[in-house]
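Hi,

Here's the structure I said I'd pass along. Have a look at it first, and then read on for my notes.

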Amino acid sequence: DPARELTFLRGRIFHVHLKDRLRTGPAAPFGAGEIHWEPILQGLSTCGYRGPLVLETPAGVSPVDSARSNLQ
């Protein structure tokens, strides 16, 4: 339960590293894997986290195009 865990960790989170992936496969572009992001991002917002979010994503054929897509 991400929301519960993030509430428990309130004030102790200083860096967040996000990576999407398929359950039994490789990393996926952000939003294309099996991670349910809404409760995680909502939990971060609710607990007051305002720090950086680092995305670990596949570079794809064009790293610049991949970065733009992942940020959307």
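Below is what I found in it, going from the overall layout down to single residues.

First, a caveat: this is a predicted model, so please read everything here as computed from that model.

**Overall layout**

The chain has three helices and three strands, and from the N terminus they come in the order α-β-β-α-β-α. If you want a feel for the dimensions, the C-alpha atoms fill a box of roughly 40 × 25 × 15 Å along the principal axes. Of the 72 residues in the chain, 19% are buried. As for contacts, take those with a separation of 6 or more: 49% of them are between residues 24 or more positions apart.

**The sheet**

The three strands make an open sheet with mixed pairing, in the order E2-E1-E3. E2 and E3 are the edge strands, each of them pairing on one side only. E1 and E3 run parallel and are joined by four bridges. One position to look at there is Lys19, which stands opposite Glu56 in E3. I'll come back to those two below.

**Helix H2 and what it packs on**

H2 lies across E1 and E3, and it runs at about 170° to E1. Which residues of H2 (residues 37–46) are buried? They are Trp37, Gly43 and Leu44. Looking down the axis of H2, these buried residues fall within an arc of 135°, so they line one face of the helix. The cover over them includes strand E1 (16–21) and strand E3 (53–56), along with helix H1 (2–8). Just after H2 there's a backbone detail you may want to check on your side: Gly48 takes a positive phi of about 85°.

**Salt bridges**

How many salt bridges are there? The count comes to three, and I went through each of them.

- Glu56 and Lys19: the closest N and O atoms of this salt bridge are 3.5 Å apart. The pair links distant parts of the chain, with Glu56 in strand E3 and Lys19 in strand E1, 37 residues apart. Both ends are partly exposed: Glu56 has a relative accessible area of 33%, and Lys19 has 32%. This is the pair from the sheet, where Lys19 stands opposite Glu56.
- Glu34 and Arg23: their side chains meet in a salt bridge at 3.7 Å, N to O. This pair also links distant parts of the chain, 11 residues apart: Glu34 sits in the loop between strand E2 (27–28) and H2, and Arg23 in the loop between E1 and E2. Glu34 is partly exposed, with a relative accessible area of 37%, whereas Arg23 is exposed at 69%.
- Asp65 and Arg68: here the closest N and O atoms of the salt bridge are 3.4 Å apart. These two are three residues apart in helix H3, so about one helical turn separates them. Why does that spacing suit a pair of side chains? An α-helix has 3.6 residues a turn, so residues three or four places apart point the same way. Asp65 is partly exposed, with a relative accessible area of 47%, and Arg68 is exposed at 53%.

**More on Glu34**

Beyond its salt bridge, Glu34 has some other neighbours. Not counting residues up to four places away in sequence, Glu34 touches Asp20, Arg21, Leu22 and Arg23. If you need a distance for orientation, Glu34 and Thr57 are 14 Å apart in space, C-alpha to C-alpha, and 23 residues apart in sequence.

**Ser66 in H3**

The last residue I looked into is Ser66, which is found in helix H3 (residues 63–71). Is Ser66 buried or exposed? Its relative accessibility is 18%, and the cut-off for buried is under 20%, so Ser66 counts as buried. A polar atom of the Ser66 side chain lies 2.6 Å from the backbone oxygen of Ala59. Leaving aside neighbours within four places in sequence, Ser66 is in contact with Pro58, Ala59 and Gly60.

That's everything from my side for now. Shout if you'd like to go through any of it together.

Cheers

Conventions. Residues numbered from 1 in each chain as written. Predicted model: local features only at pLDDT ≥ 70, side-chain atom pairs only at ≥ 80, totals over all residues. Heavy atoms only, no water. Buried < 20%, exposed > 50% of the residue type's maximum accessible area, 1.4 Å probe, protein only. Arc of directions from axis to C-beta. Contact = heavy atoms within 4.5 Å. Polar contact = N/O pair within 3.5 Å; in protein donor to acceptor, adjacent residues only side chain to side chain. Salt bridge = Lys/Arg side-chain N within 4 Å of Asp/Glu carboxyl O. Pairing = 2+ DSSP bridges. Axes fitted to C-alpha atoms, helices over the stretch in contact; angles between N-to-C directions.
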